[in-house]
Amino acid sequence: MIGNFSFTYLGYMVQSIGWTLVLSALAFVLGMAGGFLVMLGRISPRRWLRLPTQVFIEAIQGIPLLILLFIVYFGLSVYGFELPSIVAAALALMVYTSAYLGDIWRGCVEAMPRAQWEAAECLSFTRWQTLRLVIIPQAVRLSLPPTIGFLVQIIKMTSLASVIGFVELTRAGQIINNSIFQPFLVFSLVGVFYFVLCYPLSRWSASLEDRLNVGNR
């Protein structure tokens, strides 16, 4: 039976945007912390740190996020770890994000000219001092465009959390559509809301990249 779309449904959809942003923020902040550790492991001169982080990155990047969500939410419950859907979704997205951000930031650190490292060695800096005072501050500027670009992907990937019952924007759209059966209208609105969330970040990322390219000319 086909019903009518009302402001009640619109309000419910707008409320779900808040949960989409909460999940995105959790995934991004926790993923940044994990990604920083992954990056340090990947650039470490110690082989016993480099290899595990490389395996971690390749393994996570080779697994679809949907499968990772199933592993965390359904797989861990078999062993008695029954996590709320938001915790499971945040944990899966954190692991996924840390692998990608760690690899992005590794590339930015390794893109720094060798002369920067040599200059720090001449000043008798330790490796950690070189990273903290010389390399990372410059790499942060280089990493901003791809990092913000990946944040856009995180916001869109939160839609997969709907499969484990977390009510974010996509799941709210499914619930509303099940009530009124107007898929074109409902999911067009969902798409518009995602666009409104992601487009400013995409433009910001492109603007930062343009500024960076101008500065390098």
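What follows is a friendly question-and-answer session on a predicted model of a protein chain.

Student: Let's start with the fold. How many helices and strands does the protein chain have?
Tutor: From the N terminus on, the elements run α-α-α-α-α-α-α-α. The count for this predicted model is therefore 8 helices and 0 strands.

Student: What box do the C-alpha atoms fill, and what share of the residues is buried?
Tutor: Taken along the principal axes, the box is roughly 75 × 50 × 20 Å. Among contacts between residues at least 6 apart in sequence, 74% join residues at least 24 apart. The chain has 217 residues, and the share that counts as buried is 39%.

Student: How much of the accessible surface belongs to carbon and sulfur atoms?
Tutor: The accessible surface of the protein chain comes to about 12,000 Å². Of that surface, the share of carbon and sulfur atoms is 67%.

Student: And the charges: how far apart do the centres of the positive and negative sets lie?
Tutor: The chain carries 14 positive and 9 negative side chains. The distance between the centres of the two sets is 4 Å.

Student: Which residues does the UniProt annotation "domain: ABC transmembrane type-1" cover, and how much of that span is helix?
Tutor: According to the unreviewed UniProt entry, this annotation covers residues 13-205. In the model the end C-alpha atoms of that span are 27 Å apart. Strand makes up 0% of residues 13-205, and helix makes up 83%.

Student: The record also has a "transmembrane region" annotation. How far apart are the end C-alpha atoms of residues 17-43 and of residues 55-74?
Tutor: The unreviewed UniProt entry lists several such regions, including 17-43 and 55-74. Residues 17-43 are 96% helix, and residues 55-74 are 85% helix. The end C-alpha atoms are 37 Å apart for residues 17-43 and 24 Å apart for residues 55-74.

Student: On to the aromatics. Is the pair of Tyr73 and Phe74 stacked or edge-to-face?
Tutor: The structure holds 6 aromatic pairs. In the pair of Tyr73 and Phe74, the ring centres are 4.9 Å apart and the planes stand at 80°. An angle over 60 degrees counts as edge-to-face, so the pair is edge-to-face.

Student: Which residues do ring pairs link into a cluster with Phe74?
Tutor: Two members already have accessibility values to look at: Tyr73 is partly exposed at 23% relative accessibility, and Phe74 is partly exposed at 42%. Ring pairs link Phe74 into a cluster with Phe70 and Tyr73.

Student: What kind of pair do Tyr96 and Tyr100 form?
Tutor: Both residues lie in helix α4 (residues 85-110), 4 residues apart, about one turn of the helix. Their ring centres are 4.9 Å apart with the planes at 40°. That angle is neither under 30 nor over 60 degrees, so the pair is tilted.

Student: Which of Tyr96 and Tyr100 is buried?
Tutor: Buried means under 20% relative accessible area. Tyr100 has 21% and is partly exposed. With 11%, the buried residue is Tyr96.

Student: Which residues does Ala92 touch beyond four places in sequence?
Tutor: Ala92 lies in helix α4 and is buried, with a relative accessible area of 0%. Not counting residues up to four places away, Ala92 touches Leu65, Leu68, Leu69 and Val72.

Student: Ser85 is in helix α4 too. Which residues is Ser85 in contact with, leaving aside its neighbours within four places?
Tutor: Ser85 has a relative accessible area of 18% and is therefore buried. The contacts of Ser85 are Tyr73, Ile164, Gly165 and Phe166.

Student: How far is Pro84 from Tyr73 in space?
Tutor: Pro84 is found in the loop between α3 (65-78) and α4, and it is partly exposed at 45%. Pro84 and Tyr73 are 11 residues apart in sequence, and their C-alpha to C-alpha distance is 8.1 Å.

Student: One last backbone puzzle: what phi does Phe181 have?
Tutor: Most residues other than glycine have a negative phi. Phe181 sits in the loop between α7 (169-180) and α8 (183-215), and counts as exposed at 51% relative accessibility. Although Phe181 is not a glycine, its phi is positive, at about 50°.

Note on methods: Residues are numbered from 1 along each chain as its sequence is written. This is a predicted model: local features need pLDDT of at least 70, side-chain atom pairs count only at pLDDT 80 or more; totals for chains, interfaces and linings use all residues. Side-chain values use heavy atoms; hydrogens and water are left out. Helices (H or I, at least four residues) and strands (E, at least two) are DSSP runs, numbered from the N terminus. Buried means under 20% relative accessible area, exposed over 50%, partly exposed in between (1.4 Å probe, protein chains only). Contact means heavy atoms within 4.5 Å. Accessible areas come from the Shrake-Rupley method with a 1.4 Å probe; for residues, only the protein chains shown count as cover. Lys and Arg count as positive and Asp and Glu as negative; His and the chain ends are not counted. The place of a charge is taken as NZ of Lys, CZ of Arg, CG of Asp or CD of Glu. Rings of Phe, Tyr and Trp (its six-membered ring) pair if their centres lie within 6.5 Å; planes under 30 degrees apart count as stacked, over 60 as edge-to-face and the rest as tilted. UniProt positions are given in the numbering used here, feature names are shortened, and annotations may be inferred rather than shown by experiment.
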